[in-house]
Amino acid sequence: GSEFFQQQAQTLCCAGGYTTTIYAINSCLIKLSKLMPIGTVYRSVPKSNMPNRFFEENESNLCGGVEAAFSSFTQVREVACSYLETAGFLITLTMSMASRGADLQWLSQYPHEREVVWPALTGYELLDWYIDSEAGPMGPNTLHISCGLAPARQLTLHEAFEKPARFLELERHGVEFEIDKGPPLHVSKTAAVLAADQLLPTGRRRVALKFMCVPEQVEAELRGRSDLSPEYVIAVLHVLQDEHAQRGGASLVLPNSGAIDVKAIEGLGTLLQREVSSRRPGETAEYRFCLVLERADANLNHALTHERFAAGEWPLVRKIANDLVHALDHLHAHPTSPRIHADLKPLNVVRVGTSWQLIDLDCSCGLGERFGLKQPSSGFCPPEMALALRTATLADGTVDTARIGDGYASASVAYDLWSFGAVLFHMVTGRSLLHTDQDDLVAQQDLARLARWNGASLEASLKRALGPGNVGPEQESAIDLLRRLLTPEPKARLHHFVEGCEMLSVLDHPFFQSKGLADASLDRISEQLAAVQAMQRSMDGKLDQVLSILAAQFQMLSDLLKGVGKLAPKLICFLPSDSLGSQERGTRWWKRAFSPRDWLNTRVSIFFFDPIQLRLPPPHRG
């Protein structure tokens with residue numbers, strides 16, 4: 001630039017950069033340009049200020065340049081000509097919708113000049129030029145330039161303050177994030193989730209940052225995800241913890257810690273608190289840990305609220321439910337450490353591409369094990385957990401999490417079956433099973449009602465959610481499945497499904513076969529009829545065998561009697577076998593002994609008289 005202007009700047013500004021002032025002026029120009037009507041403006045440029053490369057095509061076949069300072073034009077051609085020296089250029093510009101300047105006539109000291117100004121870093125593109133050989137106000141041989149302007153996309157001062165903040169302090173640790181502006185994705189009493197970009201040498205990666213306070217919950221989260229497939233559960237990429245928290249005895253005990261990138265960072269807690277409080281004023285939670293997770297596209301709660309597919313788009317409802325069944329079965333059937341999720345709810349189900357996966361496993365616990373220290377979401381827990389929560393609730397209404405396991409000492413698949421039913425209830429009816437707050441917790445009176453849940457409770461909830469309208473075959477089939485999933489007793493709930501693969505056998509229900517209950521009943525009747533016919537055929541075969549045996553025995557007895565009759569026709573006697581051991585020989589005994597009509601289906605003994613000694617030989621008991 002000009003040495004004169006440089007010296008003046010140093011003298012007047014006293015080495016101050018006035019960065020904020022310049023930024024504020026630039027911000028004003030950007031905003032005022034939205035009000036400018038489109039027209040033609042002019043600017044004169046001394047020949048000494050226009051470099052030759054302005055007229056030369058670059059590698060992109062473009063001619064022009066970029067003005068580093070503000071660009072001033074006038075709407076009056078004569079004003080531009082009056083500033084032109086003997087040898088110079090007149091630039092003519094026709095504004096467009098995308099290239100409008102700010103009209104400053106209303107605040108200019110020289111309003112007659114009708115000044116229009118563009119922000120800094122505006123690009124000039126040379127479109128055409130010609131030489132005016134006639135004498136005029138600018139003299140002969142004046143070069144006329146036609147340009148197009150391309151203002152750089154710049155932030156206003158307001159946008160600059162809202163610009164995503166970077167964790168610049170983490171660069172020396174090999175991780176750097178740019179957090180999205182706006183409120184957190186989710187905030188609870190012990191955690192907050194923010195969306196961010198992780199800055200990598202190869203580009204950006206979308207991630208979710210989960211800030212957490214309690215080390216035991218971080219450990220439970222990582223244990224719950226241990227050895228699980230990323231096909232069903234969102235993966236953890238890094239674990240960050242405050243260095244002071246580590247020194248204070250809150251360091252993490254991680255499963256397979258060698259597979260997880262864990263970094264201890266000085267001052268991390270302060271950074272996390274600053275990021276949350278700037279987006280949620282008044283937040284006082286002391287975050288000391290940060291889990292870096294793969295970022296999903298949306299959670300099920302958002303989809304239910306904004307995409308409005310519940311109680312209507314049955315193929316999508318089945319798709320989501322099918323993905324959840326397989327994800328939960330992946331936890332239940334884990335070969336080395338089977339576990340339950342124990343906190344399934346719409347906020348903990350996310351969409352990645354076209355599949356739905358699980359997040360937030362800090363309540364997860366092994367099958368048959370005691371429940372952990374994290375309070376589950378009471379709006380989606382089964383009645384047996386509601387009873388445990390009521391037992392662990394103190395007089396002030398808070399829950400003593402250490403006592404939850406006293407009431408729920410053996411984790412069961414029945415827990416996840418109920419939670420899955422509560423989520424399915426929302427997708428089938430369009431309303432939640434119970435009214436909950438932002439943390440998916442229910443009020444004490446609703447928790448008491450859940451602890452006393454029975455069949456009438458579900459019917460009342462269905463009536464409230466569906467209203468008096470007719471129920472279609474799809475909804476009728478889904479309601480039948482809900483009655484099974486939301487059975488109050490955990491053992492009875494499990495009994496509705498195949499033992500050992502309860503979660504996966506949910507898919508055998510007619511709802512997932514796109515059948516109504518009538519069609520399913522016909523199918524079951526046909527299956528039962530076929531089973532009865534098969535049993536009848538088997539019984540017919542066995543009956544034939546019995547008849548054949550009886551015929552053979554009758555023939556043998558006939559032959560025996562015929563042979564005896566020839567030798568000694570009157571020396572044979574039949575008596576009931578059960579009466580032979582009786583010591584009592586009353587009238588009833590003799591009457592029965594000499595009434596063969598009463599011997600039907602009675603075992604008898606055959607006696608032969610010895611004609612020589614006139615006595616009975618020992619009977620044959622075979």
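Here is a walk through this structure, which is a predicted model, going from its nonpolar cores to its salt bridges and then to a few individual loop residues.

Let's start inside. The largest nonpolar core has 69 residues, and the members that touch the most others are Phe420, Leu424, Met427 and Val506. Several helices feed this core with two or more residues each, including α8 (300-306), α9 (314-332), α13 (444-451), α14 (455-466) and α15 (473-485). One strand, β19 (355-358), is also on that list. The top contributor is α12, which puts in 11 residues. Where does this core sit relative to the domains? Domain 2 (167-295) and domain 3 (301-514) each supply residues to it, so the core lies between the two.

For a feel of the packing, pick Leu424. Leaving aside residues up to four places away in sequence, Leu424 is in contact with Val317, Ala321, Leu481, Leu482, Leu485 and Phe511. There is also a second core, separate from that one, with 21 residues; Phe177, Ala192, Phe211 and Leu272 are among them.

Now for the charges. Side chains of opposite charge can pair when their charged atoms come close. With a cut-off of 4 Å between a Lys or Arg side-chain nitrogen and an Asp or Glu carboxyl oxygen, the model has 19 salt bridges. Some of them join up: Glu178, Asp180, Asp197, Arg204 and Arg206 are linked in a network.

Take the Asp180 pair from that network. Asp180 and Arg206 meet through their side chains, with N to O at 2.8 Å. The two partners are 26 residues apart and link distant parts of the chain, with Asp180 in the loop between β9 (177-179) and β10 (186-187) and Arg206 in strand β12 (residues 203-212). Asp180 is partly exposed at 25% relative accessibility, and Arg206 is partly exposed too, at 38%.

Another pair in the network is Asp197 with Arg204, whose closest N and O atoms are 2.9 Å apart. Is each partner buried or exposed? Asp197 has a relative accessible area of 13%, so it counts as buried, while Arg204, at 47%, is partly exposed.

Elsewhere, Lys374 and Asp362 form a salt bridge at 2.8 Å, N to O. They are 12 residues apart, and the pair again links distant parts of the chain: Lys374 is in the loop between β20 (365-366) and α10, and Asp362 is in the loop between β19 and β20. Both Lys374 and Asp362 are buried.

Next up is Thr393, found in the loop between α10 and α11 (404-407). What does its side chain reach? The Thr393 side chain comes to 2.6 Å from the backbone oxygen of Leu389. Thr393 also touches Thr398, Val399 and Gln444, not counting residues up to four places away in sequence. With a relative accessible area of 18%, under the 20% cut-off, Thr393 is classed as buried.

Finally, check two backbone angles. Asn61 has a positive phi of about 65° despite not being a glycine. Asn61 sits in the loop between β1 (40-46) and β2 (64-67) and is exposed, at 57% relative accessibility. Arg114, also a residue other than glycine, has a positive phi near 50°. You'll find Arg114 in the loop between β5 (102-103) and β6 (115-118), where its 34% relative accessibility makes it partly exposed.

Definitions and conventions: Residues are numbered from 1 along each chain as its sequence is written. This is a predicted model: local features need pLDDT of at least 70, side-chain atom pairs count only at pLDDT 80 or more; totals for chains, interfaces and linings use all residues. Side-chain values use heavy atoms; hydrogens and water are left out. Helices (H or I, at least four residues) and strands (E, at least two) are DSSP runs, numbered from the N terminus. Buried means under 20% relative accessible area, exposed over 50%, partly exposed in between (1.4 Å probe, protein chains only). A nonpolar core is a set of buried Ala, Val, Leu, Ile, Met, Phe, Trp, Tyr and Cys residues joined through side-chain atoms within 4.5 Å. Domain bounds come from an automatic or database domain assignment. Contact means heavy atoms within 4.5 Å. A polar contact is a pair of N or O atoms within 3.5 Å; within protein, one must be able to donate a hydrogen and the other to accept it, and residues adjacent in sequence count only if both atoms are side-chain atoms.
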